[in-house]
Amino acid sequence: MSVPRRPDVEVRRSQRRRRTVSAYRDGERVVVLIPAQFSGAEEREWVDRMLARLDAREQRNRRTDTYLAERAQRLIDRHLSDQRAAQAPISVRWVNNQHGRWGSCTPADRTIRISSRIMDFPEWVLDYVLLHELSHLVVPFHNARFWSLVARYPKAERARGYLEGVSAAAGLGISED
């Protein structure tokens, strides 16, 4: 197995920066912006940190439809295995046309669509949205039984709060109810 090659890094020091560090890709090069007063050791530490952050962000952006289907199956196995109707959906895919919801499910044809706007959200939030939609394969409506299935996800309330916060901050008006 080969070790991934470290990208070319350009460090730009700024007199105006006091504490913040940022990085971005510029073609094949990574540009890291740091305060001018950083020592050589601090520069090396922050370059390594920022390369790791960029890599993590890019990994999240590689979330494919296959990735969604695999996560959905793990969630079924972990949280809905006792539900006969909770078979794997026929398809789980990202869509770009959902502006008023995080995800949707059509129980009749067992398809789930997840809004691409949550592609970069933390995995525990994505898992909540997936489990919410998977629960619709068992119970089509938002009734007490449905919410009891969703509540099996340990971070359900936290994820709902995250989604409500994002919706309110961005003025999206997205709600689950």
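How much space lies in the largest pocket? The largest pocket holds about 270 Å³ of space. The model is predicted, and the mean pLDDT of the protein chain is 90. A pLDDT of 70 or more is reached by 95% of the residues. Among the elements of the chain, helix 4 has the highest mean pLDDT, at 97. The lowest, 87, belongs to helix 1, which covers residues 40-61.

The lining of the largest pocket comprises 16 residues. R101, G103, H132, E133 and H142 lie nearest the centre of this pocket. Two elements, strand 5 (103-106) and helix 3, give two or more residues each to the lining. Helix 3 gives the most, with 5 residues. By class, the lining divides into 7 nonpolar, 6 polar and 3 charged residues.

R101, one of the residues nearest the pocket centre, sits in the loop between strand 4 and strand 5. Its relative accessibility is 46%, so R101 counts as partly exposed. Beyond its neighbours within four places in sequence, R101 is in contact with S115 and I174. R101 and S115 are 14 residues apart along the chain, and their C-alpha atoms are separated by 7.3 Å.

The second largest pocket has a volume of about 190 Å³. Its lining consists of R5, R6, P7, D8, R25, E28, L51, A52, D55 and E58. Helix 1 is the main contributor here, with 4 residues. Charged residues number 7 in this lining and nonpolar residues 3. Polar residues are absent from the lining.

L51 belongs to the lining of the second largest pocket and lies in helix 1. Why does L51 count as buried? The relative accessible area of L51 is 15%, and buried means under 20%. Outside the four places on either side in sequence, L51 touches R6, P7, V9 and V30. Two of these, R6 and P7, also line the second largest pocket. L51 and T106 are 55 residues apart along the chain, with a C-alpha separation of 40 Å.

The packing of nonpolar residues was examined next. The largest nonpolar core has 34 residues. Those with the most contacts inside this core are I114, I118, L126, Y128, L130 and L134. At least two core residues come from each of helix 2 (65-79), strand 4 (91-95), strand 6 (111-115), helix 3 (123-138), helix 4 (144-150) and helix 5 (156-170). Helix 3 again gives the most, supplying 10 residues to this core. L134 has contacts that reach well along the sequence: leaving aside neighbours within four places, L134 is in contact with A72, L75, I76, L80, P89 and I112. A second, separate core has 11 residues, including W46, V47, M50 and L51. L51 therefore has a place in this core as well as a buried side in the reckoning of accessibility, at 15%.

R71 is a charged residue of helix 2. Is R71 buried or exposed? At 10% relative accessibility, R71 counts as buried. Outside its neighbours within four places in sequence, R71 is in contact with E123, L126, D127 and L130. Of these partners, L126 and L130 are among the residues with the most contacts inside the largest core.

Conventions: Residues are numbered from 1 along each chain as its sequence is written. This is a predicted model: local features need pLDDT of at least 70, side-chain atom pairs count only at pLDDT 80 or more; totals for chains, interfaces and linings use all residues. Side-chain values use heavy atoms; hydrogens and water are left out. A nonpolar core is a set of buried Ala, Val, Leu, Ile, Met, Phe, Trp, Tyr and Cys residues joined through side-chain atoms within 4.5 Å. Buried means under 20% relative accessible area, exposed over 50%, partly exposed in between (1.4 Å probe, protein chains only). Contact means heavy atoms within 4.5 Å. pLDDT is the predictor's confidence in each residue, from 0 to 100. On a 1 Å grid over the protein atoms alone, a cavity is a set of points where a 1.4 Å probe fits but cannot get out, and a pocket is an open set with protein on both sides within 12 Å along at least five of seven lines; lining residues have an atom within 4 Å of a point. Grid points are joined across faces, edges and corners, and a volume is the space filled by probe spheres set on the points.
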